[in-house]
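Let's take a walk through this structure together, starting from a single residue and working outwards. Please have the viewer ready to rotate as we go.

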Amino acid sequence: MKHLTAVLVATVFVLATISARAELVIEITQGMDNPTAIAVVPFAWQGNGTAPEDVAQVIDNDLARSGQFDPVGRGDMLARPSTQQEVFYRDWRAINTEYVLIGRASVTGQVQMRIEYELFDVNRQARVLSGYEEGHVNDARMLAHRVADEVYETLTGIPGAFATRLLYVSVTRNPGGKDFYRLTLSDSDGARPIVLLESREPIMAPSWSPDGKHIAYVSFETSRPAIYRQELATGARVQLTNFRGLNGAPAWSPDGNSMAMVLSKDGNPDIYLMDLRTRELTQLTRHYAIDTEPTWMPDGRSILFTSDRGGRPQIYRYDLRSGATERLTYEGSYNARARVAQDGRNLVMVHQAGGQFHIALQDLVTNRLQILTSTDLDESPSIAPNGSMVLYGTKSGDRGILAAVSVDGGVKFRLPAREGDVREPAWSPYMNR
Amino acid sequence: MLLFGKAFTRTLLANGLALAVGPFCVLVQAQDYIDVEAERAAADGRPASAASSQAAQPAQAYPVTSYGIGTAARPEQSASTAPATTVAPAPVAASGNNAGQLVLQVQQLQQEVMRLNGIVEEQAHELRTLKSQSLERYLDIDRRLSLLAGGSVDEASPLATEGATAPGSALAPAASSAPAAQPGAAQPGESAAYQAAYGLVREQKFDQAVSAFQQFLRDYPAGRFTPNAHYWLGELYLVTTPPDVEAARQSFMLLLDLYPADSKVPDALFKLGKIQYTKGNRDRAREFLDRVINEYGSSNSAAVKLAQDFINDNY
């Protein structure tokens, strides 16, 4: 009887979770003081039936998530124009809106979708942006993200990073049995999760190729860690390493031709470089301390890594031409897991302060350190390709969740999964269209 | 073992089970760190139990992505546990004992070298920082000196640059609301004495410069360059060996009290802020720095920027 009850309970949860698997839900926790008021008017649908996606809502959510915009609620809109002729600025001035985005979506051909959009500046009474996006109907959300990117860049001067994707590892605990690991790919807003790999053995350290077409990760599926490379379009994958000991932390070089990684095949963990065309290995660091977590400087000339050669984990830079190693972090007794923004200046890492683990940002020019997060046990920071936000793993209660913070610490949001633990996010580079 | 694609049923069943027994999940959280002991053991070829557990329990030998949380206290931990594990085989045989001792010694040496390495790195960093700070300070003084040395004192002195139009005019500081003492006209010989004291500063003969300025103040207690002399004495007390911070503070305070409208006041305020900061009085320091910004923010005094930078760096 007891057994039967357990099965029933399990079934109930199965039903409840079918639609929601590892999907992430976004909760904005902190925005900017004076966000720009923008109205994203529902886009007119010029096709049969209902629109496959509420494009305007996706754009609205993207802009709100950046923390820099305060989208107007649809209920507050006095009009819902979809063409320039229908835009009357007084309608928008009346509700203190600074910008209005309108648009039209239609289906062209069998499965092609076209989204046209126009952005108006209410104060200047002028159209400041217009354009269109075309693509497969199934990619309607991605088309919407691209519109959001254009709007964001027009209004902030910084390229948007909404039309990008995330990789993350989720773990479903299975007491008494083996845990269940999933490597998931989703849109930058957590929508459309696709499970790329499922395993009863740990999956770790997902990372992106610079063109966003391949990924690499560590999987224990052969019961010991090995680095795999996988093509996203086809799912085809190759096992790159299978050495004795650790095989970990793959990091693609900015030119895509080589990969830095951690191997302990010769005794203890050191940083190695693999030429991806010839599979030739070069050992970069040689130290009895632990060298790990390599990451590239955007210029491809040096690699940052974590080492405890100074007694405590700190970030070091290895110059690929001279072979010189230089310590970069001095503040605090624990700095690890570095990632550098595309500008080559903002270094984010896990930093221990007051017994807690936070994400901190060090300006590599002034060497000034800023702690960005107030959560504890923060791990695995990953920077958006436009350098604006840092995604990281943290704990909420007992569960691992993803959270994001802007590089100035001003904007924060969380992406808790509906179930399981989520960790090790990796933000994709810009996707080539 | 590997489930490509959508093994829905199994996946969801697993989900359901995991959720149903959620509270227990915490106990079995896999950790995201390198098992340093195991690694060290493997590296040393030590047949310790840690090495074998690496294969059996991947969760312990987990790779790599992170130093992970929880290993922060690692050095102490390994320092304290290492002897226990290596000393254990001691009673087995004499040769084993020696080997064990050697391994232990090598490990201890490695730990020690790592610790020393860290100290060297940090001290080298401190030195670089100090060097650049002292260079900055020297350049700061040098810049002020060359300002004064650039031409005749009348034209180049900060006093002259502020409000005076002609060398002979009353060199009252621009803001004249303060009813405090005003430097008088230059007395005969004053300019020469002042220049002489200055020369010593330029030659970096700081100790002699101190005496010269002290003598200057005795000779010309209300001269035209008296505020400047107070200011430079303050500066000089900070660079003599050993620095006399209290004397410096008093010199700057004297300038503030006697000549509150002097053009050197913002610089003196900034220096007072720095002095208080070095004394550990952060709040007091901040008051001075804020005064520089609030009261002289609209002037083109270099002290405003210095104060702002200092606040940015330290607050």
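Our starting point is B:Val265, which belongs to helix H14 of chain B, the helix that spans residues 265-278. Keep in mind throughout that this is a predicted model. Is B:Val265 buried or exposed? Within 10 Å there are 25 other C-beta atoms, so B:Val265 is buried, given that 20 or more such neighbours are needed for that label. Once neighbours within four places in sequence are set aside, B:Val265 is in contact with B:Leu255, B:Leu256 and B:Pro260. A residue from further back along the chain can be located as well: B:Pro227 is 38 residues away from B:Val265 in sequence, yet their C-alpha atoms are separated by 9.1 Å.

Next, follow H14(B) to its partner, helix H15 of chain B (residues 282-296); the two axes come within 7 Å and cross at roughly 160 degrees. That angle makes H14(B) and H15(B) roughly antiparallel, because angles over 145 degrees count that way. The crossing of H14(B) with H15(B) is left-handed. On the H14(B) side, the contact includes B:Pro266, B:Leu269, B:Phe270 and B:Leu272, while H15(B) contributes residues including B:Ala285, B:Phe288, B:Leu289 and B:Val292. Sorted by character, the residues of this contact are 10 nonpolar, two polar and three charged.

Now step back to another helix pair in chain B. Helix H12 (residues 226-239) and helix H13 (residues 245-258) have axes that come within 8 Å and cross at roughly 160 degrees. H12(B) and H13(B) are therefore roughly antiparallel to each other, and their crossing is left-handed. B:Pro227, which we met above as a reference point for B:Val265, is one of the H12(B) residues in this contact, along with others including B:Tyr231 and B:Leu238. From H13(B), the residues taking part include B:Phe252, B:Leu254 and B:Leu255, and B:Leu255 is also in contact with B:Val265. The residues where H12(B) meets H13(B) divide into 11 nonpolar, three polar and no charged.

For the whole of chain B, there are 16 helices and one strand. Of its 315 residues, 32% are buried. Taking contacts between residues at least 6 apart in sequence, 52% of those in chain B join residues at least 24 apart.

Which residues of chain A does B:Gly118 touch? B:Gly118 sits in helix H7 of chain B, residues 94-149, and it touches A:Gly310, A:Gly311 and A:Arg312. With 19 C-beta neighbours inside 10 Å, B:Gly118 counts as partly exposed.

Chain A has four helices and 31 strands. Buried residues account for 49% of its 433 residues. For contacts between residues at least 6 apart in sequence, 45% in chain A join residues at least 24 apart.

Finally, turn to the nonpolar cores. In soluble globular proteins, nonpolar side chains tend to be buried together. The largest nonpolar core here has 106 residues, and A:Ile59, A:Leu101 and A:Val390 have the most contacts inside it. Helix H4 of chain A (residues 140-156) gives the most to this core, with nine residues. Beyond its close sequence neighbours, A:Leu101 is in contact with residues including A:Ile38, A:Val41, A:Ile59 and A:Val151. Apart from this core lies another, of 39 residues, among them B:Leu236, B:Tyr259, B:Ala268 and B:Val292. B:Val292 brings us back to the start of the tour, as one of the H15(B) residues in the contact with H14(B).

Key. Residues are numbered from 1 along each chain as its sequence is written. Chains are lettered from A and ligands numbered from 1 in the order in which they are written. This is a predicted model: local features need pLDDT of at least 70, side-chain atom pairs count only at pLDDT 80 or more; totals for chains, interfaces and linings use all residues. A nonpolar core is a set of buried Ala, Val, Leu, Ile, Met, Phe, Trp, Tyr and Cys residues joined through C-beta atoms within 7 Å. A residue is buried if 20 or more other C-beta atoms lie within 10 Å of its own, exposed if 12 or fewer, and partly exposed in between; C-beta atoms are placed from the backbone. Helices (H or I, at least four residues) and strands (E, at least two) are DSSP runs, numbered from the N terminus. Two residues are in contact if their C-beta atoms, placed from the backbone, lie within 7 Å. Axes are lines fitted to C-alpha atoms, for helices over the stretch in contact, and angles run from 0 to 180 degrees between N-to-C directions. Angles under 35 degrees count as roughly parallel, over 145 as roughly antiparallel, 65 to 115 as roughly perpendicular and the rest as oblique. A crossing is left-handed if the near helix is turned anticlockwise from the far one by less than a right angle, and right-handed if clockwise. Ala, Val, Leu, Ile, Met, Phe, Trp, Tyr, Cys and Pro count as nonpolar, Asp, Glu, Lys and Arg as charged, and the others, Gly among them, as polar.
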